[in-house]
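Student: I have a structure open and would like to reason through its labels with you. Could we take them one at a time?

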Amino acid sequence: MTSTRTAGQPSVPTAPNGPVGVALLGATGSIGTSALRVLERQPERFVPVALTANGNIAALTEQVARFAPAYVGLVQECADAPDAWGRGPGCLVEAATHPDAQVVINAVVGAAGLPATLAALRLGKRVALANKESLVVAGEIVTRTAREHGGALVPVDSEHSAILQCLAGRQPHEVKRLILTASGGPFRTWPADKIGHATRADALKHPTWQMGSKITIDSATLANKALEVIEAHHLFGVAYDRIEVVVHPQSIIHSFVEFVDGSVLAQMGVPSMELPILYALTWPERVPDNGVPSFEPVAHGALTFEPVRHDDFPMLGLGISAGRAGGAAPAVFNAANEVAVAQFLDGRLSFGGIAERVSAALCDLSALPGYSLDALLAADAAARAHVLSRTATES
Ligand code: NAD
Ligand code: MG
């Protein structure tokens, strides 16, 4: 991507030979479909050249008819998939490394997104990263790969996009503290003794965001905020002692940065992922877009803040401790959480059981080595097996 500047006109990213090719991994999901709406509004700047999905062949087929990408990949086996499509988990890396794609939007859920993040960064591409799990599992390897190969890792997560926007033009030594906002999820005001027995339907009712089911459950347990603290640590190189979380139920302020002179900047806007998706594509520039309703301060009314109820939402503390411990601990936290959330969604584990399973996996496995990608993937596999065997034994 190059930058053109014409006197008196806003500077906008353009490619010399037409729009920039974008590979979209996880195209059929919540972020994936939002990303396609953003790309459709910006046809002069961006064009989808590769699309992948896990198993939703009907939705993917519709997208292929609409966008005619050069590459299509489906992870799950499906007899109806056209022969020309890429198949199996390897299709994520094929899409991410496709020669027509200069930018990769990684909107896959879970650690399954990690190999594609690394493959795109090794080729020096820009990765617009929604898949926070990539950074949680292997944050040091991912950020080092971006540095060594000249790739750009730009967050799609709204909190991290907010921080990136607040940090524009600032130096690391000017930053005192990052403060991530959290909506508090559907159980923010529930009494402690009710939370552990919350049903799947209760947990899937997020107050401010419409998202995929895994991140919606993570928002209810506050595991999502733990993943985001770890993500912020790696993206911005800020120590855990200087990253805090505050509950902000309206989800209008997407995060704050406090500077060494005491000044605090916040980035705000109506809750829509289309804004951070677009910014991840055009960063460090801004381009005109009309996808989000304009912000009306009076209509939004009061913005309020509350402390986190750490005792009632143990996943936040467990995840931050895993981040501080480093090594394989964040990979264990993430993998155990992925399996426990899947079991909760399948009705095999209670809501309170998620934190129990993750805590037990961390107790037994967080000291596993984490010095290489293979070691981290082995820890991920061990944590998955740990949770699976506990739940199998109990049922
Ligand atoms: P989702 O479940 O709606 O969509 C996930 C997408 O990934 C789908 O296209 C699915 O087909 C694909 N997928 C699922 N499992 C896969 C696998 N094993 N291999 C390959 N592809 C697979 O999820 P989402 O809400 O869009 O979230 C995607 C990512 O973005 C997650 O990491 C999430 O934490 C992050 N994120 C989401 C939001 C949001 O508003 N939805 C906000 C911030 C960050
Ligand atoms: Mg977020």
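Student: Why are helix 5 and helix 14 called oblique to each other?

Tutor: In this predicted model, helix 5 and helix 14 (residues 329-345) pack at an angle of about 140°. Angles over 145 degrees count as roughly antiparallel and 65 to 115 as roughly perpendicular. The angle of about 140° fits neither class, so the pair is oblique.

Student: What else describes the packing of helix 5 and helix 14?

Tutor: Two packed helices are described by the angle between their axes and the distance between the axes. Here the axes of helix 5 and helix 14 are 7 Å apart.

Student: Which residues make the contact?

Tutor: Helix 5 brings Glu133, Val136 and Val137, while helix 14 brings Pro330, Ala331, Asn334 and Glu338. By class, this contact has 4 nonpolar, 1 polar and 2 charged residues.

Student: What makes the approach of threonine 28 to ligand 1 a polar contact?

Tutor: A polar contact is a pair of N or O atoms within 3.5 Å. An N or O atom in the side chain of threonine 28 is 2.8 Å from an oxygen atom of ligand 1, so the pair meets the cut-off of 3.5 Å.

Student: How do you know that glycine 29 and asparagine 54 also make polar contacts with ligand 1?

Tutor: The same cut-off of 3.5 Å applies. For glycine 29, a backbone N or O atom lies 3.1 Å from an oxygen atom of the ligand. For asparagine 54, a polar backbone atom is 2.8 Å from an oxygen atom of ligand 1.

Student: How much of ligand 1 does the protein cover?

Tutor: The protein covers 86% of the 820 Å² of accessible area that ligand 1 has on its own. Helix 1 (30-41) and helix 5 (132-149) are the elements giving two or more residues to the shell.

Student: How many residues surround ligand 1, and of which classes?

Tutor: There are 23 residues around the ligand, divided into 13 nonpolar, 7 polar and 3 charged. Glu133 is one of the closest, and Glu133 also takes part in the contact of helix 5 with helix 14.

Conventions:
Residues numbered from 1 in each chain as written. Chains lettered and ligands numbered in written order. Predicted model: local features only at pLDDT ≥ 70, side-chain atom pairs only at ≥ 80, totals over all residues. Heavy atoms only, no water. Near = heavy atom within 4 Å. Polar contact = N/O pair within 3.5 Å; in protein donor to acceptor, adjacent residues only side chain to side chain. Areas by Shrake-Rupley, 256 points an atom, 1.4 Å probe, with all protein chains shown as cover. Helix = DSSP H or I, 4+ residues; strand = E, 2+ residues; numbered from the N terminus. Nonpolar A, V, L, I, M, F, W, Y, C, P; charged D, E, K, R; others polar. Axes fitted to C-alpha atoms, helices over the stretch in contact; angles between N-to-C directions. Parallel < 35°, antiparallel > 145°, perpendicular 65-115°, else oblique. Contact = heavy atoms within 4.5 Å.
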